[in-house]
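Subject: Handing over the structure

Hi there,

Here is the structure I promised to pass on. Have a look at it first, and then read on for my notes.

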Amino acid sequence: MNTWRQTSPTGRALLVTVLLTGLTTFMFLPLLAVHLSSEGVPGGRVGFLVGLLAFCSQGFSLLCGLVVDRFGTRAVLASGFGLRIAGYALLGAGTASATAVAGIAAIGIGGSLLGLAVKTRLVAEDGVPARDMLALRSTFVNIGVIAGPALGALVYPLGFGWILAACVLSHLLLGVRLTLRPAAEAAAPAPRPDGGPAAAGSAAAAAAAAAADPAARRRAVRQWVPLCLVGVAFWALYSQLNVILPISAKEMTGSTAAISVVFTVNGLLVVLLQYTLLRHVFRQATARTLLVVGFLAFAAAYALLIPLAGWSALLAFVLPVTLAEMLIAPSLDEQAVQAGPLGRTGLALGAMSAAGAVGSLLGSSLGGFLLQTLHTGTGIWLVIVAVSVAAAASSLLLPKARMQHA
């Protein structure tokens, strides 16, 4: 991969970090509820703890982004690793109410700090387009998504403590390795409007000047309001893969394993195709174009479920829905980086992640409501298709040309 060869040693170390933390996270995450239940934790509290982990992973994104910009990626990486190690250790110590809540919160917030710090540093790579770095990062994440659950299933018979120990050990080694890198290597330059690195002083001065400029504030509103709305729409649609689709897939195929097949094929396609699509096939396309095509792919995916049924429906569904994911997720981050204030990349990415938290919450709630009122079938698919088309139209409100730092 040309992008891997062009990436700095620190950037490569961060991509390996993405791979290994993703691997251990997805060893841990699918089995968390199983472990808590086996320890005698009531079902209601299990649901609360799993929901708390999701909330802490996204709900503090805006604050975490500000922290990244204020203290730099090195300090935030160290804090994120420290919080996650403490959280895993607390879960290993027991499942008493206060201990479990503290452990889950530490894991979630630590993961948010790690994710934003890594992403902020990667998009600042000198000489490598942000789109390429985001696509490469997504590829490494999805390797962990695919391999992590399988590895966790192999280790779990030995005891959940072994999975927690693997999480602690990997985070400890990665944290020491990254935080002890030479300061010159680990520093993350703030991006300039032309895509190159900018001095911290000039970035801060530019941000202060933009904040005092009424025209710049109006431009920021015109860019950020539709961008955040589109971000909320994407995550609301994507959340249906965890709410509506598992139930519908079981009804269509009669198999509880159907949704696992969907996610496995989805992950494999992302690993194999996303980098190539964004680096070569859609290299000249604007982020706005990718968003429109991505949401129309969402609409096509759910439209296919109207006339089809059974395994053929799921296999036809997974291709366009994966295309939507591959195009939309990195394009939202790319537009956020371009539109964010100079020297405030962490804040921009944190805002996009916060929009994702809102979208996931709204999508999960509305998905449950649709299941109660329309059950499964054509009615639900028509609603999702309509929302997807509306999101594609909303994407046209974004500037066609490269967005300007606001």
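A quick definition before we start: a residue counts as buried when its relative accessible area is under 20%. Please also keep in mind that this is a predicted model.

**The chain as a whole**

The protein chain has 406 residues, and 49% of them are buried. Its secondary structure consists of 16 helices and two strands. If you take the contacts between residues at least 6 apart in sequence, 84% of them join residues at least 24 apart.

**How far to trust it**

The chain has a mean pLDDT of 83, with 88% of its residues at 70 or more. Helix α13 (residues 287-304) has the highest confidence, at 94, while strand β2 (residues 197-198) has the lowest, at a mean of 42. Residues 184-206 are where I would ask you to be careful: the pLDDT there is below 50, although the stretch still has 34 contacts in the model beyond near neighbours in sequence. Where pLDDT is low, the predicted coordinates should not be read in detail.

**Helices α2 and α7**

Now to the helix pairs. Helix α2 (residues 9-38) and helix α7 (residues 160-179) have axes that come within 10 Å of each other and cross at roughly 160 degrees. Because of that angle, α2 is roughly antiparallel to α7. Their crossing is left-handed. On the α2 side, the contact is made by Ala-13, Leu-14, Thr-17, Leu-20, Thr-21, Thr-24, Met-27, Phe-28, Leu-31, Leu-32 and His-35, and on the α7 side by Phe-160, Ile-163, Leu-164, Ala-166, Cys-167, Ser-170, His-171, Leu-174 and Leu-178. Sorted by class, the contact of α2 with α7 has 14 nonpolar residues, six polar ones and no charged ones.

One residue to look up here is Thr-17, which sits in helix α2. Is Thr-17 buried or exposed? Its relative accessible area is 3%, so Thr-17 is buried. Leaving aside residues up to four places away in sequence, Thr-17 touches Gly-22, Phe-81, Leu-174 and Leu-178.

**Helix α14 and its partners**

Helix α14 (residues 310-339) appears in two of the pairs I want to show you. With helix α6 (residues 130-155), α14 packs at an angle of about 130 degrees, the axes being 10 Å apart. That angle makes α6 oblique to α14, and the crossing of the two is right-handed. From α6 come Arg-131, Leu-134 and Asn-142, which meet Glu-325, Pro-330, Asp-333 and Glu-334 of α14. This contact of α6 with α14 divides into two nonpolar, one polar and four charged residues.

The other partner is helix α15 (residues 345-374), which packs with α14 at an angle of about 140 degrees, with 8 Å between the axes. Again the angle makes the pair oblique, α14 to α15, and this crossing is right-handed too. Here Leu-332, Asp-333, Ala-336 and Val-337 of α14 meet Thr-345, Ala-348, Leu-349 and Met-352 of α15. By class, the contact of α14 with α15 has six nonpolar residues, one polar and one charged. When you click through the model, try Asp-333, since that residue is in the contact with α6 and also meets α15.

Enjoy exploring, and write back with any questions.

Best wishes

Technical notes
Residues are numbered from 1 along each chain as its sequence is written. This is a predicted model: local features need pLDDT of at least 70, side-chain atom pairs count only at pLDDT 80 or more; totals for chains, interfaces and linings use all residues. Side-chain values use heavy atoms; hydrogens and water are left out. Axes are lines fitted to C-alpha atoms, for helices over the stretch in contact, and angles run from 0 to 180 degrees between N-to-C directions. Helices (H or I, at least four residues) and strands (E, at least two) are DSSP runs, numbered from the N terminus. Angles under 35 degrees count as roughly parallel, over 145 as roughly antiparallel, 65 to 115 as roughly perpendicular and the rest as oblique. A crossing is left-handed if the near helix is turned anticlockwise from the far one by less than a right angle, and right-handed if clockwise. Contact means heavy atoms within 4.5 Å. Ala, Val, Leu, Ile, Met, Phe, Trp, Tyr, Cys and Pro count as nonpolar, Asp, Glu, Lys and Arg as charged, and the others, Gly among them, as polar. pLDDT is the predictor's confidence in each residue, from 0 to 100. Buried means under 20% relative accessible area, exposed over 50%, partly exposed in between (1.4 Å probe, protein chains only).
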